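Biologist: I'm new to this one and would like a close look at a single part of it. Could you walk me through it slowly, and then show me how it sits in the rest?

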Amino acid sequence: MIMSINQRELQEIRMLAMYMIKIPRQQLEQRFADENIDLTMLQHHIMVMAQRHQPTIADLSRTFGLDPSTLVPTVDALVKKGYLRRERDPNDRRRYPLHLTNEGAELHDHICNHLGDNPLMEAIQSLPLDDIASLRRILRDVVHALPDGDEALAELDEHIEAYEVKHN
């Protein structure tokens with residue numbers, strides 16, 4: 001039986017989700033500032049994607065829902081800083097996947113492993129294990145219901161598997 005949810009509850013869920021994203025982002029931005037790391041959050045997210053696989057501007061555009069013309073200056077800035085490089089795909093001369101440079105990989109590692117704990121992860125870890133399992137299931141169900149949700153879940157699973165391989 002599907003129960004109806006009222007608009008107030010939907011608004012509350014949306015605002016709670018936004019708050020859960022806002023606080024860790026603000027803390028990471030503050031850590032960037034404290035350590036004089038000249039990166040925007042978008043640049044950081046692009047570097048994360050480039051670390052996992054070699055995305056193109058079109059891939060980034062689909063992932064972030066941004067026009068390629070918005071992303072090109074951001075990618076150009078990362079190339080200029082020496083964190084990314086573009087390389088022509090040997091199998092498709094029209095594609096230019098983005099690769100982290102050694103300097104970019106070192107910065108990515110520093111950000112991921114040395115800038116302190118993520119307050120969202122700490123908050124989730126404070127919950128009972130049954131609640132964490134329920135939250136995970138609910139969030140996966142929500143993502144599954146979104147446009148391209150199955151693709152997003154597949155990419156998420158690949159990312160988690162890569163993380164486990166690297167950290168085990």
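Where does Leu39 lie? Please start there and work outwards.

Modeller: Happy to. Keep in mind that this is a predicted model. Leu39 sits in the loop between helix 1 and helix 2, the latter covering residues 41–52. A loop residue might be covered or open, so let's check that next. With a relative accessible area of 10%, Leu39 is buried, because buried here means under 20%.

What covers it? Setting aside its neighbours within four places in sequence, Leu39 is in contact with Phe32, His44, Met47, Leu78, Lys81, Tyr83, Leu107 and Ile111. You can also look back along the chain to Glu29: Glu29 and Leu39 are ten residues apart in sequence, and their C-alpha atoms are 8.5 Å apart in space.

Now stay in that loop for a moment. Asn36 is found in the loop between helix 1 and helix 2 too, but its setting is another story. Asn36 counts as exposed, at 71% relative accessibility, whereas Leu39 is buried. Asn36 also has a positive phi of about 55 degrees, although it is not a glycine.

If you'd like a second example of that backbone feature, go to Asp148, in the loop between helix 7 (129–145) and helix 8 (149–167). Asp148 has a positive phi of about 60 degrees and is not a glycine either. Its relative accessibility is 55%, so Asp148 counts as exposed, given that exposed means over 50%.

Back to Leu39 and its contacts. Two of the names, Leu107 and Ile111, lead us to helix 5, which runs over residues 102–114. Helix 5 has 13 residues and reaches 17 Å from its first C-alpha to its last, close to the 18 Å expected at 1.5 Å a residue. Its buried residues are Gly104, Leu107, His108 and Ile111. These cover an arc of only 100 degrees around the axis, which means they are on the same side of helix 5. Turn to the face away from that buried side and you find the exposed residues Asn102 and Glu106. As for what the buried residues of helix 5 pack against, the partners are helix 1, helix 2 and strand 2 (98–100).

Helix 1 itself covers residues 7–34, and there is something to see at its start. Ile5 is placed in the segment before helix 1. Together with Leu10 and Ile13, Ile5 forms a nonpolar patch on the surface, and the three have about 250 Å² of accessible area together. Ile5 is partly exposed, with a relative accessible area of 37%.

Finally, zoom out to the chain as a whole. Its secondary structure comes to eight helices and two strands, and the pattern along the sequence reads α-α-α-α-β-β-α-α-α-α. Taken along the principal axes, the C-alpha atoms fill a box of roughly 55 × 35 × 35 Å. Of the 168 residues in the chain, 23% are buried, and Leu39 is one of the buried ones. If you take the contacts between residues at least 6 apart in sequence, 48% of them join residues at least 24 apart. As for the outside, the chain exposes about 12300 Å², with carbon and sulfur atoms supplying 55% of it.

How values were computed
Residues numbered from 1 in each chain as written. Predicted model: local features only at pLDDT ≥ 70, side-chain atom pairs only at ≥ 80, totals over all residues. Heavy atoms only, no water. Patch = residues over 30% accessible without salt bridge, like charges linked within 9 Å, V, L, I, M, F, W, Y side chains within 5 Å. Areas by Shrake-Rupley, 256 points an atom, 1.4 Å probe, with all protein chains shown as cover. Salt bridge = Lys/Arg side-chain N within 4 Å of Asp/Glu carboxyl O. Helix = DSSP H or I, 4+ residues; strand = E, 2+ residues; numbered from the N terminus. Buried < 20%, exposed > 50% of the residue type's maximum accessible area, 1.4 Å probe, protein only. Contact = heavy atoms within 4.5 Å. Expected span 1.5 Å × (residues − 1). Arc of directions from axis to C-beta.
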